[in-house]
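Student: Before I rely on any labels for this chain, I would like to go through the reasoning behind them with you. Could we take them one at a time?

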Amino acid sequence: MVNALKDLSADPDVLAIYIAGSLAKGNHYNYSDIDLHTIVIPKRKAEFLKGKRGRANNWGDVSFHEDYNPSSPYVVTHYDTFVKVDSWYHAPEEIVPSIWLKEAEVLYDPFNILSHVINESAKQVYKPSPDEVEHWRGKLLAFVHETYRAVMRREMLYALSNLDKIRWLIVSGWYMEMEVHVDVPYGV
């Protein structure tokens with residue numbers, strides 16, 4: 001991450017840099033990914049997105065990229081050291097207070113773009129909406145239904161895969177009930 005920070009902070013089109021996820025929260029472990037967010041001058045964002053793989057190549061020896069869409073705002077880069085960096089590029093107006101920025105850590109902010117957003121995000125309280133609960137319920141029932149169908153077709157690996165999703169949804173439901181925001185990707 002040192003190479004990334006050095007590279008990005010030297011670019012005059014970079015306005016701010018922050019990290020999110022487990023690294024920012026302090027609950028990471030040796031193989032946690034790095035969620036690196038870079039705020040760039042809006043008129044230069046398209047160029048950053050176009051060059052996101054090349055830029056990530058400058059930070060270490062790349063094994064491969066997960067990049068399905070060249071115009072997406074991020075690239076996931078896997079390095080030969082088993083470090084994984086999720087690099088996101090944003091324009092300043094895209095950074096607004098949210099539950100996702102509640103525990104972000106600012107690494108570079110010479111124009112003081114992030115302090116207000118981070119402070120306002122810290123005040124955010126998670127409360128599941130009725131739509132979110134209904135979505136959760138629908139997904140849970142769909143996986144229960146699909147698991148039964150898979151067992152009846154004797155597709156046991158598919159049934160076990162669905163069962164994992166049911167377990168995850170049950171736990172995420174417990175967290176919703178406690179009004180605790182689950183900050184992990186679906187199914188993890």
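**Reasoning from values to labels**

Tutor: Let us begin with S172, which, leaving aside its neighbours within four places in sequence, is in contact with W136 and V182. Keep in mind throughout that this is a predicted model.

Student: Where does S172 lie, and why is S172 called buried?

Tutor: S172 has its place in helix α7. Its relative accessible area is 8%, and because buried means under 20%, S172 counts as buried.

Student: What makes S121 buried, and which residues does S121 touch?

Tutor: S121 belongs to helix α5, residues 115-122. The relative accessible area of S121 is 0%, which is under the 20% limit, so S121 is called buried. Not counting residues up to four places away in sequence, S121 touches V96, P97, S98, L101 and K102.

Student: Why is E132 called partly exposed?

Tutor: E132, which has its place in helix α6, has a relative accessible area of 33%; because partly exposed covers the range between 20% and 50%, the term applies to E132. Not counting residues up to four places away in sequence, E132 touches Y126 and M176. The residues E132 and M176 are 44 residues apart in sequence and 9.3 Å apart in space, C-alpha to C-alpha.

Student: How do you know that α6 is roughly antiparallel to α7?

Tutor: The axes of α6 (residues 130-152) and α7 (residues 156-177) come within 9 Å and cross at roughly 155 degrees. Angles over 145 degrees count as roughly antiparallel, so α6 is roughly antiparallel to α7. The crossing in which α6 passes α7 is left-handed.

Student: Which residues of α6 and α7 meet, and how many of the residues in this contact are nonpolar?

Tutor: On the α6 side the contact includes W136, L140, F143 and V144, and on the α7 side the residues include L163, I166, L169 and I170. By class, the contact of α6 with α7 has 15 nonpolar, 4 polar and 4 charged residues. Among the residues that meet are also E132 and K139 in α6, and N162 and S172 in α7.

Student: What makes the phi value of F82 worth a remark, and is F82 buried or exposed?

Tutor: Phi of F82 is near 70 degrees, which is a positive value in a residue other than glycine. F82 lies in the loop between β4 (74-79) and β5. With a relative accessible area of 67%, which is over the 50% limit, F82 is therefore called exposed.

Student: Which sign does phi of E179 have, and why is E179 called partly exposed?

Tutor: Phi of E179 is near 60 degrees, again a positive value in a residue other than glycine, and E179 is found in the segment after α7. The relative accessible area of E179 is 35%, and because this lies between 20% and 50%, E179 is partly exposed.

Student: Which residues touch the most other members of the largest nonpolar core, and which elements supply at least two residues each?

Tutor: This core has 16 residues, of which L8, V14, L36, W59, V85 and Y89 touch the most other members. The elements α1 (2-9), β1 (14-20), β2 (34-40), α3 (45-50) and β5 (84-90) each supply at least two residues of this core. Leaving aside its neighbours within four places in sequence, V85 is in contact with I34, L36, W59, V75, V76, T77 and Y79. Apart from this core lies another one, of 11 residues, among them I39, I95, V117 and I118.

Student: Where does I99 lie, and with which residues is I99 in contact?

Tutor: I99 lies in the loop between β5 and β6 (105-108). Leaving aside its neighbours within four places in sequence, I99 is in contact with Q124, V125, Y126 and H181. As for K139, I99 and K139 are 40 residues apart in sequence and 23 Å apart in space, C-alpha to C-alpha.

Student: What do the values for the chain as a whole say about its elements and its buried residues?

Tutor: The secondary structure comes to 7 helices and 6 strands, which follow the pattern α-β-α-β-α-α-β-β-β-β-α-α-α along the sequence. Buried residues make up 36% of the 188 residues in the chain. Among contacts between residues at least 6 apart in sequence, 52% join residues at least 24 apart.

Terms used
Residues are numbered from 1 along each chain as its sequence is written. This is a predicted model: local features need pLDDT of at least 70, side-chain atom pairs count only at pLDDT 80 or more; totals for chains, interfaces and linings use all residues. Side-chain values use heavy atoms; hydrogens and water are left out. Axes are lines fitted to C-alpha atoms, for helices over the stretch in contact, and angles run from 0 to 180 degrees between N-to-C directions. Helices (H or I, at least four residues) and strands (E, at least two) are DSSP runs, numbered from the N terminus. Angles under 35 degrees count as roughly parallel, over 145 as roughly antiparallel, 65 to 115 as roughly perpendicular and the rest as oblique. A crossing is left-handed if the near helix is turned anticlockwise from the far one by less than a right angle, and right-handed if clockwise. Contact means heavy atoms within 4.5 Å. Ala, Val, Leu, Ile, Met, Phe, Trp, Tyr, Cys and Pro count as nonpolar, Asp, Glu, Lys and Arg as charged, and the others, Gly among them, as polar. A nonpolar core is a set of buried Ala, Val, Leu, Ile, Met, Phe, Trp, Tyr and Cys residues joined through side-chain atoms within 4.5 Å. Buried means under 20% relative accessible area, exposed over 50%, partly exposed in between (1.4 Å probe, protein chains only).
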